[in-house]
Amino acid sequence: MMLAREPIIPRTDKPFKTSIVFSLEEGPGQLFKALAVFALRKINLTKMESRPHKKRPLRVADDNSTPLKHFDYLFYVDFEASMADPNAQNALSNLKQEFATFLRVLGSYPTDVTEA
């Protein structure tokens, strides 16, 4: 967690890290496709975690055979880019429009907090 007295405005002249959370539809290759929006723009991911969605932990899919039980997951991702970077904006726009059923930016902050 990072706290500041004044808001930190994302910039592109210093290294920034951005944290997001998103969810996807269930299906083969969905996570691969979602993460490709970063790889195609050469944005480095530094952390990724998945957690079951608290409000929708279990979902039953019935495709005319035996019902399958799936967990809906939230994916927490940190990546090396500022929200002021057009590449990051395009990646998140693509993720939201094409793959994510939910997307939220948790924050964008400098990776080096020391003042030089």
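Visitor: In which strand is the place of T18?
Guide: T18 sits in strand 1, which covers residues 16-24. The model is a predicted one.

Visitor: Why is T18 called buried?
Guide: Its relative accessible area is 0%. Buried means under 20%, so T18 is assigned to that class.

Visitor: What makes the pair T18 and S108 a polar contact?
Guide: Their side chains are joined at 2.9 Å. The cut-off for a pair of N or O atoms is 3.5 Å, and therefore the pair qualifies. The side chain of T18 also reaches the backbone oxygen of A81, at 2.6 Å.

Visitor: Which residues is T18 in contact with, leaving aside neighbours within four places in sequence?
Guide: Among them are V77, D78, F79, A81, V105 and S108. Contact here requires heavy atoms within 4.5 Å.

Visitor: What is the order of the strands in the open sheet?
Guide: The four strands run in the order 2-5-1-6, with antiparallel pairing.

Visitor: Why do strand 2 and strand 6 stand at the edges?
Guide: Strand 2 (45-52) and strand 6 (100-110) each have a single partner strand, so each has one side without a neighbour in the sheet. On average, and ignoring direction, neighbouring strands of this sheet are turned by 15° against each other.

Visitor: How do you know that strand 1 and strand 6 pair?
Guide: Nine bridges join strand 1 to strand 6, and the two run antiparallel. Pairing asks for at least two bridges, so these strands count as paired. One position to look at is I20, whose bridge partner in strand 6 is V105.

Visitor: Which helices pack on the sheet?
Guide: Helix 1 touches strand 1, strand 2 and strand 5, and its direction makes about 155° with that of strand 1. Helix 2 (residues 86-98) touches strand 1, strand 5 and strand 6, and its direction makes about 160° with that of strand 6.

Visitor: How many aromatic pairs does a search of the whole structure find?
Guide: The search finds two. One of them is formed by F38 and F79, with 5.1 Å centre to centre and 40° between the planes. F38 belongs to helix 1 (residues 30-39) and F79 to strand 5 (residues 73-79), and the two are 41 residues apart.

Visitor: Why is the pair of F38 and F79 called tilted?
Guide: The centres must lie within 6.5 Å, and 5.1 Å meets that. Planes under 30 degrees apart would be stacked and over 60 edge-to-face; 40° fits neither, so the pair is tilted.

Visitor: Are F38 and F79 buried or exposed?
Guide: F38 has 1% relative accessibility and F79 has 0%. The limit for buried is under 20%, so F38 and F79 are each buried.

Visitor: What makes E49 and R51 a salt bridge?
Guide: Their closest N and O atoms are 3.1 Å apart. The limit is 4 Å, so the pair counts. E49 and K47 also meet in a salt bridge, at 3.5 Å from N to O. A search of the whole structure finds two salt bridges, and K47, E49 and R51 are linked in a network.

Visitor: Why is E49 called partly exposed?
Guide: Its relative accessibility is 30%. Partly exposed lies between the 20% and 50% limits, so E49 has that label. K47 at 40% and R51 at 45% are partly exposed too.

Terms used:
Residues numbered from 1 in each chain as written. Predicted model: local features only at pLDDT ≥ 70, side-chain atom pairs only at ≥ 80, totals over all residues. Heavy atoms only, no water. Salt bridge = Lys/Arg side-chain N within 4 Å of Asp/Glu carboxyl O. Buried < 20%, exposed > 50% of the residue type's maximum accessible area, 1.4 Å probe, protein only. Polar contact = N/O pair within 3.5 Å; in protein donor to acceptor, adjacent residues only side chain to side chain. Phe/Tyr/Trp six-rings, centres within 6.5 Å; stacked < 30°, edge-to-face > 60°. Axes fitted to C-alpha atoms, helices over the stretch in contact; angles between N-to-C directions.
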